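Here is a short guided tour for the bench. Have the sequence and the model open side by side as you read.

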Amino acid sequence: MAGKPRRPELDCQGPVADLEVHLTPDWWSRQFNAIYLKSDGDIVEDDENTCNDLDAMIAATGLEQQEFFLDLCCGQGRHSLELARRGYRNITGIDQSSYLIRLARKRAAAMDAVVTFRKGDSRRIRSPQIPFDCVAIMGSSFGYFETPEEDFSVLQSVKKVLRSGGRLFLDLPNGEWLKTNFEPQTWSWLDRNHLSLYERALSRDRSRLIARAIYIHKRRGVLEDHFYAVRLYSFEKLAGLLEQAGFTAVQNSGSVENRSVRGQELGIMANRLLITAQAT
């Protein structure tokens, strides 16, 4: 994998006693890069997974081709581009990662897809000229921020850009399941040269799953050693937040199964909640 010369701060920190101590509030601003796509590509770059996600979202929301749709935290645009391939129009994708937004635009141009991709903060979504009919946060992209209040601000921001009666679709980790079923340590070969190692633990208040990912090249050594987290929501907890944010008709729409084409464990993607709600 091509890359810039390794900086000293990318050296592995070795054993650490407490993962949470090393977690920075804005870890999400640096993680979603080329290494992320390589390490998680067996799940998030798989066409079958993407289609299964969209089938579940369309079934839950009734999204129609002419409706205005926002793919929030869209990453490299896989869901938006698949919607465009299926004939959906009026699609916008927003993500905080400059790298992933550039890649989404490049892929859209290659397939001649009309999708608007832009960089943005999910806590402060820019108001559209025409309110969205549906907003989706997919791929377990909810719950990354430092505080529950910031997560709540995402829901408030979504509410502001939805029309009255518009739908929100949330695809997020099943927090109650993860608390007792996460794997403390895993590793896998990404290809013949790259190895990924993971450590996981619950935060001290048991509200978040803290993880550490180390990516290693067999000759170049450690490429990245970083810490990240996801807040663990139950359906009941999130339903309460949605109602506080002004949503009604909150429903548990089941789950969706993804696969790893490398046959590896799925991490936070292993067991997910699909939740729909309606803006008042």
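## A word on contacts

Contact here means heavy atoms within 4.5 Å. By that measure, and leaving aside residues up to four places away in sequence, S141 touches C73 and D171. Please keep in mind that this is a predicted model.

## Around S141

S141 sits in the loop between β4 and α6. Is S141 buried or exposed? With a relative accessibility of 17%, S141 counts as buried, because the cut-off for buried is under 20%. The S141 side chain also has a polar partner: it reaches the backbone oxygen of M138 at 3.0 Å.

## Strand β1 and its neighbours

Let's move to strand β1, which spans residues 69–72. Both of its faces are covered. On one side F69 and D71 are buried, and on the other L70 and L72 are buried too.

Strand β1 has a parallel partner in strand β2 (residues 91–95), with four bridges between them. Within this pairing, F69 stands opposite I91 of β2. Helix α4 (residues 78–85) joins the picture here, since β1, α4 and β2 make a right-handed β-α-β unit. Strand β1 also runs parallel to strand β4 (residues 132–137), again joined by four bridges. There, L72 stands opposite I137 of β4.

## Aromatic pairs

How many aromatic pairs does the structure hold? There are eight aromatic pairs. One of them joins F32 and Y144 in a stacked arrangement, with 6.0 Å from centre to centre and 15 degrees between the planes. F32 belongs to the loop between α1 (28–31) and α2 (34–44), while Y144 belongs to the loop between β4 and α6 (148–161), so this pair ties together parts that are 112 residues apart in sequence. F32 is buried at 13% relative accessibility, and Y144 is buried at 15%.

F142 and Y233 make a pair of their own: their ring centres lie 5.7 Å apart and their planes meet at 40 degrees, so the pair is tilted. F142 is in the loop between β4 and α6, and Y233 is in the loop between β9 (221–231) and α8 (235–244), so the pair ties together parts that are 91 residues apart in sequence. Both F142 and Y233 are buried.

## A cluster of rings

Finally, which residues do ring pairs link into a cluster? The members are W27, F32, Y36, Y144 and Y228. You have already met F32 and Y144 as the stacked pair.

Notes
Residues are numbered from 1 along each chain as its sequence is written. This is a predicted model: local features need pLDDT of at least 70, side-chain atom pairs count only at pLDDT 80 or more; totals for chains, interfaces and linings use all residues. Side-chain values use heavy atoms; hydrogens and water are left out. Buried means under 20% relative accessible area, exposed over 50%, partly exposed in between (1.4 Å probe, protein chains only). Helices (H or I, at least four residues) and strands (E, at least two) are DSSP runs, numbered from the N terminus. Two strands pair if DSSP finds at least two bridges between them. A crossover is right-handed if, with the strands pointing away from the viewer, the path from the first strand over the helix to the second runs clockwise. Rings of Phe, Tyr and Trp (its six-membered ring) pair if their centres lie within 6.5 Å; planes under 30 degrees apart count as stacked, over 60 as edge-to-face and the rest as tilted. A polar contact is a pair of N or O atoms within 3.5 Å; within protein, one must be able to donate a hydrogen and the other to accept it, and residues adjacent in sequence count only if both atoms are side-chain atoms.
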